[in-house]
Amino acid sequence: MVRTMKLFLTTFLAILGLSAAAQKADNRIVIGTIDTVKSKILNETRTLLIHVPNGGKEEHFPVLYILDGESHFYSAVGIVKQMAGVIPDMIVVGITNTVRDRDLTPTVVEDRNPSGGSENFVAFIEKELIPYVDSRYPTAPYRVFSGHSLGGLMVMDAFFNHTNLFNAYIAIDPSLWWDNQRWIKKYESELPNRHFNNKSLFVAIANNIPAGMDTVSVMNDKTEMSLIPRAVLPFVADLRKAHPAGLRWTSKFYPNERHGTVELNAEYDAL
């Protein structure tokens, strides 16, 4: 027993020594840092995952702000690095969640409380987060806002109500079904009369259509599986009819991707 314990301690100390040596040699591949910002608006401290490209002292970069950062930060950094030279290199800011339903939804829905806090959340982004990032990192004056699912709903809310906050908006399979589509129907009716001040929008649609249906027949479906396409497809059609002034936009349907798998390919195509 004593010999076993000695062997264990020797092995453990050896591993510690190797780990310390590796850290000292600094041979790690690091894609970002963890930062925090204390929000008076939200009354909480928010965690950020931040990637900054290697550049010269005077070089500044556009910024990709991505929701659900704990899930989508790493793939977004990979895409940005893979595409460097085709698109400008970018700072990536992953905003991690605390109370997701509260922050990413525009209206209160009784069976999804807490909800309806997106205006408060966008105030945090505009008045606290963006100034914080701009003051500490080499940012250029071009911002992209990306979100998936409820994050895509939040992106669309900012697109309609805070159009000038970002230069480009990426809504990936956005949950436009929220609040029985009452929220999105309001903005669909406003599209012909809106001017979007030279902004860009990308809308991705996953194939959440039940087997045996297509993009036409799914509109008569009543199951939860088809909630997103029944909301997003009419919105894209209305957007196409409206030809909103000052908007550069496109959408893409992903026949081989579901709601949970579409984010990676859609982020790549959008960027």
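The exercises below, each with a worked solution, concern a predicted model.

**Exercise 1. The nonpolar cores**

Find the residues with the most contacts inside the largest nonpolar core, and list what Ile125 touches beyond its sequence neighbours.

Solution. Begin with the largest nonpolar core, which has 56 residues, and in which Tyr65, Ile125, Phe145, Phe160 and Phe235 have the most contacts. Next take Ile125 from that list: when residues up to four places away in sequence are not counted, Ile125 touches Ile95, Ile130, Pro131, Phe145, Leu165 and Phe166. Finally, look for a second core, which is separate, has 22 residues and includes Ile66, Ala76, Ile79 and Val262. As background, in soluble globular proteins nonpolar side chains tend to be buried together.

**Exercise 2. An acidic side chain in a loop**

Determine whether Asp89 is buried or exposed, and identify the side chain with which Asp89 makes a polar contact.

Solution. First locate Asp89, which lies in the loop between α2 (69-83) and β4 (91-95). Its relative accessible area is 18%, and because buried means under 20%, Asp89 is classed as buried. The side chains of Asp89 and Lys81 are then found to be joined by a polar contact of 3.3 Å. To complete the surroundings, set aside the neighbours within four places in sequence; Asp89 is in contact with Pro53, Phe61, Pro62, Val80, Lys81 and Ala84.

**Exercise 3. Packing of two helices**

Describe how α6 and α7 pack, and classify the residues of their contact.

Solution. Two packed helices are described by the angle between their axes and the distance between the axes. For α6 (residues 182-190) and α7 (residues 227-242), the angle is about 10° and the axes are 10 Å apart. Since angles under 35 degrees count as roughly parallel, α6 is roughly parallel to α7. The contact is made by Ile184, Lys185 and Glu188 on the side of α6, and by Ala231, Pro234, Phe235 and Asp238 on the side of α7. Sorted by type, the residues of this contact comprise four nonpolar and three charged, with no polar ones. One of the α7 residues, Phe235, is also among those with the most contacts inside the largest nonpolar core.

**Exercise 4. Backbone exceptions**

Identify the residues joined by a cis peptide bond, and examine the phi values of Asp179 and Gln181.

Solution. The starting point is that most residues other than glycine have a negative phi, and most peptide bonds are trans. The cis peptide bond joins Asn113 and Pro114, with omega about 0°, and Pro114 lies in the loop between α3 (100-103) and α4 (118-136). Turning to phi, Asp179 has a positive value of about 60° although it is not a glycine, while Gln181, likewise a residue other than glycine, has a positive phi near 65°. Asp179 lies in the loop between β6 (168-172) and α6, and Gln181 is found in the loop between β6 and α6. Asp179 is buried at a relative accessible area of 15%, and Gln181 counts as buried at 16%.

**Exercise 5. Chain separation and distance in space**

State how far apart the C-alpha atoms are in the pairs Leu48 with Trp178 and His243 with Arg194.

Solution. Leu48, in strand β2 (residues 44-51), is buried with a relative accessible area of 0%. Its C-alpha atom is separated by 27 Å from that of Trp178, 130 residues apart along the chain. His243, found in the loop between α7 and β8 (245-254), counts as exposed at 66% relative accessibility. The C-alpha atoms of His243 and Arg194, 49 residues apart along the chain, are separated by 9.5 Å.

Note on methods. Residues numbered from 1 in each chain as written. Predicted model: local features only at pLDDT ≥ 70, side-chain atom pairs only at ≥ 80, totals over all residues. Heavy atoms only, no water. Core = buried A, V, L, I, M, F, W, Y, C linked by side-chain atoms within 4.5 Å. Buried < 20%, exposed > 50% of the residue type's maximum accessible area, 1.4 Å probe, protein only. Contact = heavy atoms within 4.5 Å. Helix = DSSP H or I, 4+ residues; strand = E, 2+ residues; numbered from the N terminus. Polar contact = N/O pair within 3.5 Å; in protein donor to acceptor, adjacent residues only side chain to side chain. Axes fitted to C-alpha atoms, helices over the stretch in contact; angles between N-to-C directions. Parallel < 35°, antiparallel > 145°, perpendicular 65-115°, else oblique. Nonpolar A, V, L, I, M, F, W, Y, C, P; charged D, E, K, R; others polar.
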